[in-house]
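The following paragraphs are meant to be read with the sequence and the three-dimensional view side by side, moving from one strand outward to the rest of the chain.

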Amino acid sequence: MVVCNLLIVTIFLVSSGYSETDTDTKIAFLMREVQMLKYKLENECVLKSEYDGVVSKRLLLSETPSHQPVAFSAFVTDLDDGPTIDKHREIVFNKIETNVGNAYDSFTGTFRAPQDGIYAFSWTIFVHGGSSVSNLGEILTELIVNGQVHGNLHADTETIGDDDSATGFVIKTLSKDDVVFIRSGNSFVPQGVLHGHMRWTFSGWLIA
């Protein structure tokens with residue numbers, strides 16, 4: 001619109017061929033009109049450039065996030081004593097508190113990555129000293145990713161009635177369908193009381 005107005009005024013000035021009899025006032029008025037239209041045209045060009053920039057940025061934005069949220073947290077409601085567990089037994093954290101993405105299986109204790117990404121895992125173990133030397137609790141646990149050990153925890157009670165706990169934290173880059181779980185270690189047979197008033201917990205979540 002501004003371009004059209006500027007063109008009309010320009011044509012008027014040229015076609016009128018204003019003569020020597022035209023007054024300075026008329027010329028000054030027309031020149032002011034040209035300057036105003038020029039100013040408006042420049043402003044519209046700037047605004048259009050800014051608008052195009054915003055539109056371009058919006059077009060570059062993804063409509064949906066590249067990753068869907070994934071998070072789980074579970075704990076053990078009952079656990080056998082040490083000798084019954086033995087070596088390399090998978091620990092089943094059977095009570096789910098959170099399972100966003102449904103990637104954790106409370107029947108097997110296994111987490112299966114639903115998508116590629118960087119994941120964080122944390123687990124806590126607890127042992128109890130019991131009432132005699134024969135049931136002092138001790139266990140080594142491992143975080144297993146696709147059959148390989150990527151973290152371990154050791155908890156041990158040294159006296160009757162003593163308690164001990166440990167917490168591990170691991171960050172791993174996983175591919176879709178990679179499998180993660182907690183199991184007892186292979187260094188020695190777990191012993192004594194491994195459960196009590198403290199929870200064994202296993203948690204994981206997608207970072208990026």
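In this predicted model, strand β9, which spans residues 179-184, is largely enclosed by the rest of the structure, because six of its six residues are buried. A residue is called buried here when its relative accessible area is under 20%. In a regular strand the side chains alternate between the two faces of the sheet. For β9, cover is found on both faces: Val 179, Phe 181 and Arg 183 are buried on one side, and Val 180, Ile 182 and Ser 184 are buried on the other.

Which strands are joined to β9 by bridges? One of them is β4, residues 110-112, which runs antiparallel to β9 and is connected to it by two bridges; within this pairing, Phe 111 stands opposite Val 180. Another is β6, residues 138-145, which also runs antiparallel to β9 and is joined to it by five bridges, with Ile 144 having Phe 181 as its bridge partner in β9. Val 180 and Phe 181, the β9 residues named in these two pairings, belong to opposite faces of the strand, and both are buried.

From β9 the reader can turn to strand β8, residues 163-174, where Lys 172 is placed. Lys 172 counts as partly exposed because its relative accessibility is 22%, a value to be read against the cut-off of 20% under which a residue would be called buried. Once its neighbours within four places in sequence are set aside, Lys 172 is in contact with Gly 117, Ile 118, Tyr 119, Val 145 and His 150. With His 150 there is a polar contact from side chain to side chain, at 3.4 Å. Lys 172 also illustrates how the fold brings separate stretches of sequence together, since its C-alpha lies 6.4 Å from that of Ala 120, although the two residues are 52 apart in sequence.

The loop between β7 (148-156) and β8 contains Asp 162, which is partly exposed because its relative accessible area is 26%. When residues up to four places away in sequence are not counted, Asp 162 touches Val 127, His 128, Gly 129 and Thr 157. Of these contacts, Gly 129 is 33 residues away from Asp 162 in sequence, while the C-alpha atoms of the pair are 4.5 Å apart in space.

Strand β8 also holds Phe 169, which counts as exposed because its relative accessibility is 51%, just as the cut-off of over 50% requires. Phe 169 takes part in a nonpolar patch on the surface together with Ile 118, Ile 171, Trp 205 and Ile 207, and the accessible area of these residues together is about 470 Å². Ile 118 thus appears twice in this account, as a member of the patch and as a contact of Lys 172.

Attention can now pass to the charged side chains. Side chains of opposite charge can pair when their charged atoms come close. How many salt bridges does the structure hold? There are four, among them the one between Arg 89 and Asp 80, whose closest N and O atoms are 3.0 Å apart. Arg 89 is partly exposed because its relative accessibility is 32%, and Asp 80 is likewise partly exposed, at 31%. Another salt bridge brings together the side chains of Glu 97 and Arg 199, at 3.4 Å from N to O. This pair links distant parts of the chain, with Glu 97 in strand β2 (residues 95-100) and Arg 199 in the loop between β9 and β10 (201-206), 102 residues apart. The relative accessibility of Arg 199 is 44%, so Arg 199 counts as partly exposed. In a further salt bridge, the side chains of Lys 176 and Asp 177 meet at 3.7 Å, N to O, and Asp 177 is partly exposed because its relative accessibility is 40%.

Finally, the chain may be viewed as a whole. Its secondary structure comes to three helices and ten strands, which follow the pattern α-α-β-α-β-β-β-β-β-β-β-β-β along the sequence. Of its 208 residues, 37% count as buried. The chain exposes about 12,600 Å², and carbon and sulfur atoms supply 56% of that area. Among contacts between residues at least 6 apart in sequence, 73% join residues at least 24 apart; the Glu 97 and Arg 199 pair, at 102 residues apart, shows such a link between distant parts of the chain.

Note on methods
Residues numbered from 1 in each chain as written. Predicted model: local features only at pLDDT ≥ 70, side-chain atom pairs only at ≥ 80, totals over all residues. Heavy atoms only, no water. Helix = DSSP H or I, 4+ residues; strand = E, 2+ residues; numbered from the N terminus. Buried < 20%, exposed > 50% of the residue type's maximum accessible area, 1.4 Å probe, protein only. Contact = heavy atoms within 4.5 Å. Polar contact = N/O pair within 3.5 Å; in protein donor to acceptor, adjacent residues only side chain to side chain. Pairing = 2+ DSSP bridges. Patch = residues over 30% accessible without salt bridge, like charges linked within 9 Å, V, L, I, M, F, W, Y side chains within 5 Å. Areas by Shrake-Rupley, 256 points an atom, 1.4 Å probe, with all protein chains shown as cover.
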